[in-house]
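This briefing reviews strand pairing, helix burial and selected side-chain contacts for one protein chain. Please read it alongside the sequence and the model shown here.

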Amino acid sequence: MIVYLDESGDLGFECGSKFFIIVALAAHNRKELAHCVKRVRQRKLKKNPPAELKAFRATDSVRSSLLRYIVKQDIEIYAFVLDKSFIPKKLVEKTNAIYNYCASAAIKRCAEYNSIQELIVDMRGDLIARVDFDKYIRQTVGDIKISHVESQNSDLLQVTDFVAWSIHRRYESNDKRFYDLISGKIRSEILWN
């Protein structure tokens, strides 16, 4: 099983979002799931489609269409929701450690139900942060292949972005319209507060 990892929100503590969401998306049929992105591009973005679909830039029509397509696929969603107000002040500058912890919690829950061969992560941070992430995940989850990929090069990371954004909207803005579209595919949603 290949699992995709992306986040929504930020880990800034003086300003920014109140919640940080990380999603592990288990895709049982990657080809069909990638086809959902192509279908939205063809039907909703005929003229000048962007190189990358990003939920925060998309229209509600594009968001709804993509989410309706993907929930018809064989996927499982594992989310970790961090209420940032509960992070102790002494830890607020350790954003990489917080990110790694949140990611491992979502991935570990996914691993309880699936045999993960590869984890594809939306590329973030510098090389040192990525090496630390890989080491932390392998220590907490097990020895899995980890690939850091630019999301513009992965339709499935773009799908994961829409899922993470939808869950983030529920918590950050109390907007459940998009969350309700995917809620039937959420296998685990851990709220850390």
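In this predicted model, Leu 119 of strand E4 stands opposite Ile 146 in strand E5. Strands E4 (residues 118–122) and E5 (residues 145–149) run parallel and are joined by 5 bridges. Together with helix H4 (residues 127–140), E4 and E5 make a right-handed β-α-β unit.

**Strand E4 and its other partner**

- On its pairing with E1, strand E4 is parallel, and 4 bridges are found between the two.
- Leu 119 serves in this pairing as well, since Val 3 stands opposite Leu 119 in E4.
- Strand E4 is mostly covered, with 5 of its 5 residues buried.
- In a regular strand, side chains alternate between the two faces of the sheet.
- In E4 both faces are covered: Glu 118, Ile 120 and Asp 122 are buried on one side, and Leu 119 and Val 121 are buried on the other.

**Strand E2 and its neighbours**

- Strand E1 (residues 2–9) pairs with E2 in the antiparallel sense over 8 bridges.
- Val 3 has Ala 26 as its bridge partner in E2, while in E4 the residue opposite Val 3 is Leu 119.
- Strand E3 (residues 75–83) runs antiparallel to E2, and 9 bridges join the two.
- Within the pairing of E2 and E3, Val 23 stands opposite Ala 79.
- Strand E2 (residues 19–27) is mostly covered, as 9 of its 9 residues are buried.
- One side of E2 presents Phe 19, Ile 21, Val 23, Leu 25 and Ala 27, the other Phe 20, Ile 22, Ala 24 and Ala 26, and both of these faces are covered.

**Aromatic pairs**

- The structure holds 6 aromatic pairs.
- Phe 19 and Tyr 171 form a tilted pair, with 5.5 Å from centre to centre and 50° between the planes.
- Because Phe 19 lies in strand E2 and Tyr 171 in helix H5, this pair ties together parts that are 152 residues apart in sequence.
- Phe 19 and Tyr 171 are both buried.
- One aromatic cluster is formed by Phe 20, Tyr 99 and Phe 133.

**Lys 84 and charges over rings**

- Lys 84 is found in the loop between E3 and helix H3 (95–113).
- Is Lys 84 buried or exposed? Its relative accessible area is 6%, and the cut-off for burial is under 20%, so Lys 84 counts as buried.
- Beyond its neighbours within four places in sequence, Lys 84 is in contact with residues including Asp 10, Leu 11, Gly 12, Phe 13, Cys 15 and Gly 16.
- Also among the contacts of Lys 84 are Ser 17, Lys 18, Phe 19 and Phe 20.
- The charged end of Lys 84 sits over the ring of Phe 13, at 5.5 Å from the ring centre.
- Arg 39 has its charged end over the ring of Tyr 69, 4.8 Å from the centre of that ring.

**Helices H1 and H2**

- Helix H1 has 15 residues, and the distance from its first C-alpha to its last is 21 Å, close to the 21 Å expected at 1.5 Å a residue.
- Buried in H1 are Leu 33, Ala 34, Cys 36, Val 37, Arg 39, Val 40 and Arg 41.
- An α-helix has 3.6 residues a turn, so residues three or four places apart point the same way.
- The cover over the buried residues of H1 includes E2, H2, E3 and H5.
- Helix H2 (residues 60–70) is largely enclosed by the rest of the structure, because 8 of its 11 residues are buried.
- The buried residues of H2 are Val 62, Arg 63, Ser 64, Ser 65, Leu 66, Leu 67, Tyr 69 and Ile 70.
- Helix H1 (30–44), E3, H5 and helix H6 (177–182) are among the elements covering the buried residues of H2.

**Helix H5**

- At 1.5 Å a residue, the 19 residues of helix H5 (residues 155–173) should span 27 Å, and the end C-alpha atoms are 26 Å apart, which agrees.
- Helix H5 is mostly covered, with 16 of its 19 residues buried.
- Asn 174, just after H5, takes a positive phi of about 55°.

Note on methods. Residues numbered from 1 in each chain as written. Predicted model: local features only at pLDDT ≥ 70, side-chain atom pairs only at ≥ 80, totals over all residues. Heavy atoms only, no water. Buried < 20%, exposed > 50% of the residue type's maximum accessible area, 1.4 Å probe, protein only. Pairing = 2+ DSSP bridges. Expected span 1.5 Å × (residues − 1). Contact = heavy atoms within 4.5 Å. Phe/Tyr/Trp six-rings, centres within 6.5 Å; stacked < 30°, edge-to-face > 60°. Lys NZ or Arg CZ within 6 Å of the ring centre and 35° of its normal. Right-handed = clockwise from strand over helix to strand, strands pointing away.
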